Amino acid sequence: TTTTTTTTTTTTTVRLLLPVAFRCGACGHVMRDGTKFTSRRECVGHDHYRHTQECTQCNGPFVFSICGTGEQQYLCERGVQRLEPGEIPPPRECWDRDPPRSTEKPSPSEKT
């Protein structure tokens with residue numbers, strides 16, 4: 001962990017997992033929750049941290065904040081859009097591995 005201190009803020013380099021899913025504003029790449037990042041964390045107030053990272057696809061910078069201790073709030077400040085659980089597309093590798101399955105049951109005449 002690297003720490004840089006200035007007169008107003010402290011910036012620390014940390015390794016973290018994304019707490020929520022984000023979509024990059026530059027290239028549209030979806031970064032799922034649980035993706036590992038090296039982030040520059042800046043303390044901007046009591047229980048308020050700003051994280052600066054780069055997209056895994058295009059290296060475009062983005063910034064999000066974490067506020068609060070109990071029910072944490074994740075605020076997108078620049079370069080990304082937060083995705084709600086229903087907005088996250090399935091991983092691309094699932095499309096190649098598992099073709100879509102029919103939900104219909106075969107009729108008795110089709111069984112052999």
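## A tour from the Gly68 loop to the salt bridges

Start by selecting Gly68, which sits in the loop between strand S7 (61-67) and S8. Keep in mind while looking that this is a predicted model. Gly68 is partly exposed, since its relative accessible area of 31% falls between the limits of 20% for buried and 50% for exposed. Now add Asp47 to the selection. Gly68 and Asp47 are separated by 21 residues in sequence, but their C-alpha atoms are 5.3 Å apart in space.

**The whole chain**

Zoom out and colour by secondary structure. The protein chain has nine strands and one helix. Followed along the sequence, the pattern is β-β-β-β-β-β-β-β-β-α, with the helix at the end. The chain has 112 residues, of which 23% count as buried. Switch on a surface: the protein chain exposes about 8,100 Å², and carbon and sulfur atoms supply 48% of that area. Among contacts with a separation of 6 or more, 38% are between residues 24 or more positions apart.

**The nonpolar core**

Hide the surface and select Leu18, Val20, Phe22, Cys24, Met31, Phe37, Cys55, Phe62, Phe64, Ile66, Tyr74 and Val80. These 12 residues make up the largest nonpolar core. Two elements, strand S3 (21-24) and S7, give two or more residues to this core. S7 gives the most, with three residues.

Stay in the core and centre on Cys55. Which residues does Cys55 contact, leaving aside its neighbours within four places in sequence? They are Cys24, Cys27, His29, Met31, Gly60 and Phe62. Of these partners, Cys24, Met31 and Phe62 also belong to the core, as does Cys55 itself.

**A three-stranded sheet**

Next, show S4, S3 and S9 as a cartoon. These three strands form an open sheet in the order S4-S3-S9, with antiparallel pairing. Strand S4 (30-31) and strand S9 (80-83) stand at the edges; each has a single partner strand, so one side of each is left without a neighbour in the sheet. Look at the S3 and S4 pair, where two bridges join the antiparallel strands. Select Arg23 to see it standing opposite Val30 in S4.

**The salt bridges**

Finally, show the charged side chains as sticks. How many salt bridges does a search of the whole structure find? It finds three.

Begin with Arg50. Its side chain meets that of Glu77 in a salt bridge, at 2.8 Å from N to O. This pair links distant parts of the chain: Arg50 lies in strand S6 (residues 48-54) and Glu77 in strand S8 (residues 73-78), 27 residues apart. Arg50 also forms a salt bridge with Glu42, where the closest N and O atoms are 3.8 Å apart. Select Glu42, Arg50 and Glu77 together to see the network of salt bridges that links them. Arg50 is partly exposed, because its relative accessible area is 24% and buried means under 20%. Glu77 is partly exposed too, with a relative accessible area of 39%.

The last stop is Arg82 and Glu84, whose side chains meet in a salt bridge at 4.0 Å, N to O. Arg82 counts as partly exposed, at 32% relative accessibility. Glu84 has a relative accessible area of 40% and is also partly exposed.

Methods:
Residues numbered from 1 in each chain as written. Predicted model: local features only at pLDDT ≥ 70, side-chain atom pairs only at ≥ 80, totals over all residues. Heavy atoms only, no water. Buried < 20%, exposed > 50% of the residue type's maximum accessible area, 1.4 Å probe, protein only. Helix = DSSP H or I, 4+ residues; strand = E, 2+ residues; numbered from the N terminus. Contact = heavy atoms within 4.5 Å. Areas by Shrake-Rupley, 256 points an atom, 1.4 Å probe, with all protein chains shown as cover. Core = buried A, V, L, I, M, F, W, Y, C linked by side-chain atoms within 4.5 Å. Pairing = 2+ DSSP bridges.
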